Amino acid sequence: MAILRDDDARFRYLSRKIGIFLWLAAAGIALTLVSIGIKQELFVPKTTVFFVTDSGRDIVHGMAVKLSGFNIGKVKQLALTEQATVKVTIEINDTYMKWVRKDSKARLLKEGLIGDNVIEIAPGTEKTPALAKDEEIGFERDRGVGQLIEDLNDEVRPLIQDLRNVVRHADTMLGSANRNLENLEKVTRSDLPAAVRGGKEVVESSKRVVDSVSRTWPISNNIEQPKAGVLPMDSYGATPPQGGHSK
Amino acid sequence: MNQVVRAIFVVSIVSVSACGSAPPPPLPAAEEAALRSDQRGREAFRRGDMKEALASYDDALRLYSSIENGQGAATELLNIATVQYQLGQRALALQALDQLLTARSATTPEALKAEAAYRRAVFDFDAGDSANAAQWLERAQGLCPAGNCELAGRMLNLKARMVLARKQLDAAENDAKRALELNRRRNDPIEEANSLRILADIAAHRGQHAQAVTAYEQALALDKQAAAPGKIALDLLGAGRSLAAAGKTKEAAEYAERALRVAESIGDERGQQEAKALLNSRSR
């Protein structure tokens, strides 16, 4: 005995209903795949061009290719050549190929300080013809953070050296002014006139100011800690101030 | 404009990086006092006030010893030896150097021991004790790793002088040429001038007077740049002697007079005597 009655009204046209459901499901799946394809620009006509670089460092498959900050394509393939260089093939949407000319340059750069690496295409000059399929485009790497720091170091070093020289010079000037005043005192063998004495005080307080400035953090960070120095002696046994016959 | 932006950027980075690191610790009081004494000593030495220099360096040595600062104490012993030597107290100078050379402190840098051995060699050579000088120089070279320390150029010049004193002209020339190259590479004009003067002395010994005068002139140019009057007197005397030996008595006398004036201005008695001897030899 059948559990359900075959003549139940709900089972009428069952096979047709199932057929329609399956067709709708298949159409839904196909629509989803098509929309993904559209989203992925699978159906957009593209042109492949390539560049050659010494190293494939920081370049990966699928990496975005941009022009003026807009995505115009991606890295399609990386291959090692016979000359041990790397051939990088990129595909660019045909719509944007009009801006990619024979004198355009592809540049590997980082988006922001810690952003992703991208290939940025610099548009070429207007008079130059557009790049054709499978043609080579020029390539260069952007200066990395390490190189920037190195450059910065080269710039900063002379500045610190200059700062040191200025402080040392100021110290020497004040020291010699002090010595001159001391010598003057010896020559006159009497107390210095009030004006000179005042001047000496000014010099001494200026020296104290320079001393304290040179000890002030962060300036002191860039000034070498003072150390006791050895009086020089050359191969003739000479030391300043004599400098000649050793004795 | 670009330059200005770049400069502002660099300055801001410098400021930020300076603030980002911890301030260096201040010097301990005793070390600061020792450093002040050392600086007083150096100033006094520059003024030519050797007694004041000696007292200050003694003070610095006492302070560095009190905090077991091997480097500071070794530096002050070298300075005391130098001042004592200038005062004519050779025995006391050697005593200070010996104290440093026999120091067992692990904190005494080898470079300062090498400097002490080198100075011992200079003092002994100056006193005519060539055998001892050679031994001390060898010891100094042993303390100079791969002959590549700061002292290397000075030591080669001293060695060349010692070999020249033994009249081994070829060996002396070899050492002096090596020293010249090294001193030029190290950008040490004083020692470069010394190397040239030694080469000039060698040429003069060989009777190559024109070559000698050229080398003395080169040394003179460097010594003038360095404003080293004693060395200027030596160069002028050397050139004068070579010109006299070449029979150019008038030019020789001019050099001798210049040397005499320089030696008088710095109270260099030995230089004055030699210049006068050269002038007298012309009049004879």
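Start by selecting A:Lys110 and A:Asn117: these two residues stand opposite each other, with A:Asn117 sitting in strand E6 of chain A. Keep in mind as you look around that this is a predicted model.

Now widen the selection to strand E5 (residues 105-110) of chain A along with E6(A). Six bridges join the two, and they run antiparallel.

Next, add strand E2 (residues 64-67) of chain A. Three bridges tie E2(A) to E6(A), which covers residues 117-122, and this pair runs parallel. To see a matched pair here, pick A:Val65, which stands opposite A:Ile119 in E6(A).

Time to hop over to chain B. Color it by confidence: the mean pLDDT is 88, and 88% of the residues in chain B reach 70 or more. Within chain B, confidence is lowest in helix H1 (residues 2-20), at a mean of 56, and highest in helix H10 (residues 189-205), at 95. Where pLDDT is low, don't read the predicted coordinates in detail.

Stay with H10(B) and bring up helix H12 (residues 229-245) of chain B. The two pack at an angle of about 20°, and their axes are 11 Å apart. With that angle, H10(B) is roughly parallel to H12(B). Their crossing is left-handed.

For the contact itself, show side chains. On the H10(B) side, select B:Ala193, B:Arg197, B:Ala200, B:Asp201 and B:Ala204; they meet B:Lys231, B:Leu234, B:Asp235, B:Gly238, B:Arg241 and B:Ser242 in H12(B). Sorted by class, this contact has four nonpolar, two polar and five charged residues.

Last stop, the scores for the model: ipTM is 0.79 and pTM is 0.55.

Definitions and conventions: Residues numbered from 1 in each chain as written. Chains lettered and ligands numbered in written order. Predicted model: local features only at pLDDT ≥ 70, side-chain atom pairs only at ≥ 80, totals over all residues. pLDDT = per-residue confidence, 0-100. Helix = DSSP H or I, 4+ residues; strand = E, 2+ residues; numbered from the N terminus. Axes fitted to C-alpha atoms, helices over the stretch in contact; angles between N-to-C directions. Parallel < 35°, antiparallel > 145°, perpendicular 65-115°, else oblique. Left-handed = near helix turned anticlockwise from the far one by under 90°. Contact = placed C-beta atoms within 7 Å. Nonpolar A, V, L, I, M, F, W, Y, C, P; charged D, E, K, R; others polar. Pairing = 2+ DSSP bridges.
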